[in-house]
Structure formats: C-alpha cells, structure tokens
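Reader: I should be grateful for a close look at a single helix of this model, followed by an account of the chain to which the helix belongs. Please set out the particulars in a connected form.

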Amino acid sequence: MTSTLTPPVRKRSALTKGQLPKFAPYVVLGLALVIGAAILALIGFNAFGWGIVSAILFTAGLVGWSAAAEGGRKAKDKLATCLVVGSFLVALLPLISVIWTVLVNGLPGLLDPGFLTTSMNGVTGAFDNKSVEEGAPVIGGIYHALLGTIQITLLATVISVPVGLLTAVYLVEYGEDRTLARAITFFVDVMTGIPSIVAGLFAAAFFFAVVGPGTKTGAVAAVALSVLMIPVVVRSSEEMLKIVPNELREAAYALGVRKWRTILKVVIPTAISGIASGVTLAIARVIGETAPILVTAGFATSINSNVFSGWMASLPTFIYTQILNPTSPSNPDPSSQRAWGAALVLIILVMLLNLGARLIARTFAPKTGR
Amino acid sequence: MTTTSLTQSRGAGRAGDKVFSGAALAAGCLILAVLFGVALFLVIQAIPALVASPDQIQGGEGFFAYIWPIVIGTLIAAVIALVIATPVAIGVALFISHFAPRGLASGLGYVIDLLAAIPSVVYGAWGAAFLAKEISPAYEWLAANMGWLPIFQGPASATGKTILTAGIVLSVMVLPIITSLSREIFLQTPKLHEEAALALGATRWEMIKMAVLPFARPGIVSAVMLGLGRALGETMAVALVLSSGALTASLIQSGNQTIAAEIALNFPEASGLKVSTLIAAGLVLFVITLGVNMIARWIISRHKEFSGAN
C-alpha cells in the first residue's frame with residue numbers, strides 16, 4: 001500500500017552519473033555575467049572590462065565545478081575548451097574593432113559631396129583651416145587616387161596573370177617532377193614571403209638602373225605589385241589545374257588532340273572558375289599594398305591618367321600621406337576625415353573582390369556529376 | 001612509305017605544341033629570373049652605400065652602425081607579434097578544426113580570413129588612431145607597477161605610439177597566416193589516430209594532446225616561421241603606429257625603428273647616397289626574410305614526405 005502513495009523517485013541514470021548537468025554552462029555563464037557586472041560597477045563600468053572579467057569568472061566557475069563533480073581529467077578538458085573558444089573570441093575583437101572604427105570615422109568623409117568625383121588638386125591647407133574655423137564643407141576627394149589604384153592594379157594584373165597561369169601550366173602539365181619544376185615550386189613559395197617593401201625597392205632599383213635614377217611612375221608600381229601577385233596566381237592556378245580529372249586529358253589525347261589544344265580547350269576551361277577566383281583574390285591582396293607604391297609611384301595630388309609617366313596617387317598611399325602629412329598641419333581633422341573615407345572605400349573594394357571571388361568560384365564551377 | 005602518315009606530324013599542330021610548351025617554360029624561368037633579379041638589382045644599387053666612407057652615411061659612423069639598431073628593432077617588433085599571436089592562432093585553429101560545430105566551421109574560418117583581407121594601411125590607421133589611445137593607460141600602469149623590469153621601464157609614452165603597440169598590431173596581421181596554415185595541418189591528422197585516442201576513453205583535450213599536436217608540431221613551427229617572415233617585412237603598421245627613435249630596451253617608451261618602416265618613411269624624399277643606403281637596408285631585410293622563409297618551406301616540404309606515409 002505504502003509504495004503506491006509515495007511518488008516514484010527519479011533516479012539519475014548510471015551512465016550520466018558523475019557528469020555536470022546539461023544546463024551547467026548556462027548557469028555558470030549567467031552567474032559570471034551578474035557577478036562580473038557587480039565587480040565592474042564597483043570600479044567603474046565598461047563593456048570591454050565586463051567581458052574580460054565575466055570570461056575569467058566563467059572559466060574559473062565551470063572548471064572548479066567540474067573538478068569537484070567530475071574529477072581532474074574532465075576539468076582539464078573543460079579548461080582547454082574554454083581557452084580555445086576564448087582565443088577565437090579574442091581574435092574576433094580586432095576584426096570588429098577595425099571595421100567599426102573605419103565605419104564610424106569613414107562615413108562622414110564618404111558622404112561628403114564630391115568625395116568620389118574630385119581630386120586633391122589645388123586643395124591647400126587654407127581650405128581645411130576655413131572648414132574647421134568657419135564650418136565650410138571639407139573639399140577635396142579621392143578621384144585621382146581611385147583612378148591611380150585602378151590603373152596600377154589593372155596593369156599589374158595584365159602582367160601577372162599570363163606569367164602566373166603559364167607557370168602553373170608548366171608545373172602541372174610539363175614539369176613532371178623535374179628539378180626545374182621543383183625549383184620553381186620552391187622559389188614561388190619563397191617569393192610569397194618577400195616583404196612588400198622589398199618588392200617595391202626591387203622595381204625601383206630595376207628602373208633606376210635601366211631607365212634612369214628617380215624614375216617613379218605607375219608602371220614601376222605595377223611591376224612591384226606583379227612581383228607580389230605572380231606567386232599567388234601561380235599557387236592558386238596550380239591547385240586548380242591539378243584537380244582537373246586526368247580522364248578528360250586522356251579522352252582528348254585519344255581523339256588525337258594536340259597537347260597544347262587539350263590544355264587550351266579542355267584543361268583550362270574546366271578549371272577556369274577556380275583560376276578566376278584565385279586571380280580575384282590575388283587582386284584583393286595587392287590592391288591594399290601601400291609600401292611598394294610609396295617607393296615606386298610617389299604620391300600625387302592631381303589626376304594622372306598615364307601610368308608610364310609622372311607620379312601617381314593610389315588609395316593606400318593617399319590614406320598614408322593624409323594621416324602622416326595632413327594638408328593643413330595646424331588642423332589635421334579634415335585630412336584624417338578624408339583618410340578614413342578613403343580607408344572605407346578601400347575596405348569595401350577589398351571585401352567586394354573577396355565576395356566576387358567566392359561568387360565566381362560557386363557560379364562557374366564545372367558540374368562534377370555527383 | 002605509308003607508315004609515315006602516322007608518325008609524321010602536321011606542321012601547324014606541332015609548332016603550336018612547341019610554342020606553347022616553350023612559353024610555359026619561359027614563364028617558369030622568368031619567375032626564377034625575377035627572384036634572382038631582386039637580389040641582383042638590390043645589390044647593384046646598394047653597393048655605393050656599402051663602399052662609401054663612414055662619415056657620408058646617415059649618423060656618420062658607417063653603414064653597419066646605421067643598420068644594426070633597426071635590425072634589432074625589427075626583431076623586437078616581430079618577436080612581440082609572435083609571442084602574442086602564436087598561442088591565440090593555435091587556439092583559433094583548434095577551435096575551427098576540432099571544437100566548432102561542423103556546419104559553422106568553414107564560415108568561421110572565412111571570418112578569420114577576413115582579418116587577412118584588411119589592407120595593412122588600414123591596420124596602421126586603426127593602430128595609430130584607436131589602439132594607441134586606448135592602450136596608453138595600460139602602459140601607465142605597467143610603468144608604475146612593473147617598472148623594475150627593463151622592458152617596462154617608465155616613463156610610459158603618453159600617446160601610446162610605442163614598439164609594443166606596433167607589435168600588437170603586427171600580431172593581429174600575422175594571426176590569420178598562422179591560423180590558416182595550422183588549421184590545414186590539424187585537419188590532416190589521421191582520423192584513425194584521433195578515433196583510437198577517443199576509443200581509449202581520452203577526453204577531447206587529451207585526444208588533441210596525444211594525437212593532433214604531436215602530428216602537427218612541424219607544421220606549427222613552419223606556420224610560425226612564415227608568420228615571422230610577414231612580421232619582419234610589414235611596413236605600414238609600424239610606420240604609422242610607431243613614433244620612432246633611438247634603440248631603447250623599454251617597450252612602452254617611444255623609440256626603436258624597424259627596417260621596413262625606416263625605408264617607407266625616408267625613401268620618398270631620399271636622393272643620392274641616401275637612396276643607396278635605404279636600398280642596402282632593404283637588401284638586409286630581404287636576406288633575413290628569405291632565410292626565414294626558406295627554413296619554413298624546407299620544414300614543410302620535409303613534413304609532406306612523412307605525412308604521405310599515412
């Protein structure tokens with residue numbers, strides 16, 4: 001009789017005994033946030049400190065509870081998990097901070113009328129002083145720098161893509177593990193590590209020696225960027241050519257097609273989406289390079305549409321000079337507004353190129369039949 | 001002579017083959033020539049500075065006295081960057097390869113790759129305008145409480161534009177490089193090793209310690225060295241963030257300089273022997289990074305042969 005009256009006691013399964021309950025992390029997280037807020041309230045609240053203190057409290061709480069309930073091995077596992085997740089969150093901080101800083105500081109500059117359509121030609125410190133002291137609008141823009149960046153990058157692409165693609169073809173189709181092919185692979189890898197400023201100095205030294213001392217034009221900058229871009233193009237194209245199935249090549253050979261026509265009509269068209277996305281990523285990499293352009297193309301304030309003569313501006317060097325040498329040294333604010341606006345444009349360009357690379361890879365990918 | 005029609009090739013196709021393979025070979029050789037040319041032209045343009053009498057070089061004590069403080073400064077900045085970036089990068093790589101939910105992993109990897117996409121000049125601007133300002137109270141604290149250590153000797157820089165700030169910005173820039181390479185290596189760990197460890201009752205951390213990290217050690221070393229190569233040669237972050245000066249031991253005072261930043265700051269206005277001096281400095285940087293990269297690549301290529309056995 002008595003057994004029917006007492007409610008049945010729900011026993012924990014032997015399998016889950018000695019484990020923290022599923023809700024444990026959430027409870028500890030809630031407590032850590034509350035206690036963290038309380039501690040921060042005592043010493044002066046800020047969101048960054050709150051996050052750090054809460055994270056430390058959460059780790060300590062969870063690991064301590066786990067050590068008490070589950071033993072040392074499980075506690076160590078929890079500690080490692082916390083540290084690994086924590087390092088990922090720490091890595092996100094600068095990304096968010098950089099993008100936020102550029103957005104907040106760059107939007108006013110970008111929204112200035114004429115920012116994208118005028119150059120800095122004739123914009124002197126007097127105008128900047130006037131805009132700060134009398135509230136006149138900030139004039140001057142990045143048209144010349146945008147034009148320069150596009151021209152230099154385009155020329156660099158025109159140089160790098162044929163050389164890079166042909167080298168990749170050599171490595172995959174003709175190399176056959178020869179000493180030369182292995183040497184090229186090794187030195188291409190080494191070339192990816194050349195500091196960008198050394199690439200710039202090489203182009204400058206080369207043109208100083210061949211054309212004449214002090215030669216600084218957009219074309220020199222394009223050569224410098226090519227030195228940085230070629231290895232990236234080679235690596236990505238090589239990877240893409242390697243994954244073209246051998247059956248396609250053999251089918252073409254069996255039909256009596258020559259090797260060069262096989263490569264041009266079968267291998268490259270199959271891999272073209274990957275190659276195009278690799279090239280786009282390479283462009284995204286070099287479009288933000290500052291140092292090589294600084295030492296090879298100088299900096300200009302007016303529009304220069306000829307890459308082969310005269311100094312040329314570019315977006316990165318524009319940002320650099322506007323921050324380091326403001327147009328009006330006594331009132332650097334308009335200059336820094338222009339610099340942040342240009343930085344925002346540059347980041348948008350790079351992100352669009354990255355996004356474009358992904359879209360190209362996805363849209364034009366060959367059907368695999370699976 | 002009827003068999004010749006099979007063995008004999010028609011002219012046009014054969015010429016096409018020769019031209020195409022020749023062009024491919026030439027492109028490959030061009031790359032070797034460019035790398036050789038980089039060294040050659042840097043040496044040619046640097047010779048005037050190397051043979052000039054000591055009093056003509058900036059500082060008046062010869063090229064060696066000019067270059068060694070900035071070599072040391074370059075190494076300090078790179079070491080700071082690696083000390084900060086390496087543990088975080090390995091943690092992030094482990095998170096993406098072994099901890100994150102499967103469906104999210106590739107997306108999270110892409111987010112970290114975004115760090116590599118941001119141009120260096122933007123990092124420099126961010127470091128100078130945001131980070132330096134935010135971090136200077138921490139330097140005050142370090143100078144007050146840890147000042148007995150030579151590296152934290154006060155007075156701290158009021159602007160925060162120190163070599164430590166530059167090192168922190170550099171660490172953000174090398175993080176995606178170390179992360180993406182270590183991630184690749186972690187994912188190559190033989191599945192059987194991992195599953196064997198888990199089947200013996202290992203926790204996830206013990207599995208990583210026993211199976212993943214020993215397998216990945218050479219890969220991590222070379223990833224860190226490639227990061228080192230990047231940190232040594234990075235220009236803009238340092239040029240914009242650091243307010244440079246003479247070589248000092250303290251990391252929280254303004255001072256020190258790196259080779260790349262020295263070149264970027266002075267080259268645009270340089271002329272005559274100064275150009276040669278800066279190109280010679282670039283040559284030194286080239287030799288250092290070339291050495292670091294070659295060792296890193298050599299470790300990777302040696303590792304490839306081992307892992308092929310699995």
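**A covered helix and its chain**

Author: Helix α9(A) is mostly covered, since 23 of its 25 residues are buried. It should be said at once that the model is predicted. The helix occupies residues 218-242 of chain A, and the distance from its first C-alpha to its last is 35 Å, close to the 36 Å expected at 1.5 Å a residue. Helix α9(A) nevertheless bends, by about 35°, at L228(A). A proline, P231(A), follows that residue within four residues.

The chain around this helix is built from helices: chain A has 14 of them and zero strands. Read from the N terminus, the order of elements is therefore α-α-α-α-α-α-α-α-α-α-α-α-α-α. The radius of gyration of chain A is 30 Å, whereas the globule rule gives 21 Å for 370 residues, so chain A is more spread out than a compact globule. Its C-alpha trace spans about 105 × 80 × 35 Å along the principal axes.

Burial may also be stated for the chain as a whole: 45% of the 370 residues in chain A are buried. As for contacts within chain A, those between residues at least 6 apart in sequence may be considered; 76% of them join residues at least 24 apart.

A single residue from another helix may serve as an example. P334(A) is found in helix α14, which covers residues 333-363 of chain A. P334(A) counts as buried because 27 other C-beta atoms lie within 10 Å, and the cut-off for a buried residue is 20 or more. Leaving aside residues up to four places away in sequence, P334(A) touches D128(A), S131(A), V132(A) and V138(A). By contrast, V84(A) lies 43 Å from P334(A), C-alpha to C-alpha, and the two are 250 residues apart in sequence.

There remains the side of chain A that faces its partner. Here 72 residues of chain A are in contact with 69 residues of chain B. Helix α4, residues 72-111 of chain A, gives the most to this side, with 19 residues. By residue class, the side of chain A that touches chain B comprises 53 nonpolar, 11 polar and eight charged residues.

To return to the part requested, helix α9(A) is thus a mostly covered element with a bend of about 35° at L228(A).

Terms used
Residues are numbered from 1 along each chain as its sequence is written. Chains are lettered from A and ligands numbered from 1 in the order in which they are written. This is a predicted model: local features need pLDDT of at least 70, side-chain atom pairs count only at pLDDT 80 or more; totals for chains, interfaces and linings use all residues. Helices (H or I, at least four residues) and strands (E, at least two) are DSSP runs, numbered from the N terminus. The radius of gyration is taken over C-alpha atoms; the globule rule is 2.2 Å times the number of residues to the power 0.38. A residue is buried if 20 or more other C-beta atoms lie within 10 Å of its own, exposed if 12 or fewer, and partly exposed in between; C-beta atoms are placed from the backbone. Two residues are in contact if their C-beta atoms, placed from the backbone, lie within 7 Å. Ala, Val, Leu, Ile, Met, Phe, Trp, Tyr, Cys and Pro count as nonpolar, Asp, Glu, Lys and Arg as charged, and the others, Gly among them, as polar. The expected span of a helix is 1.5 Å times one less than its number of residues. The bend at a residue is the angle between axes fitted to the seven residues ending there and the seven starting there.
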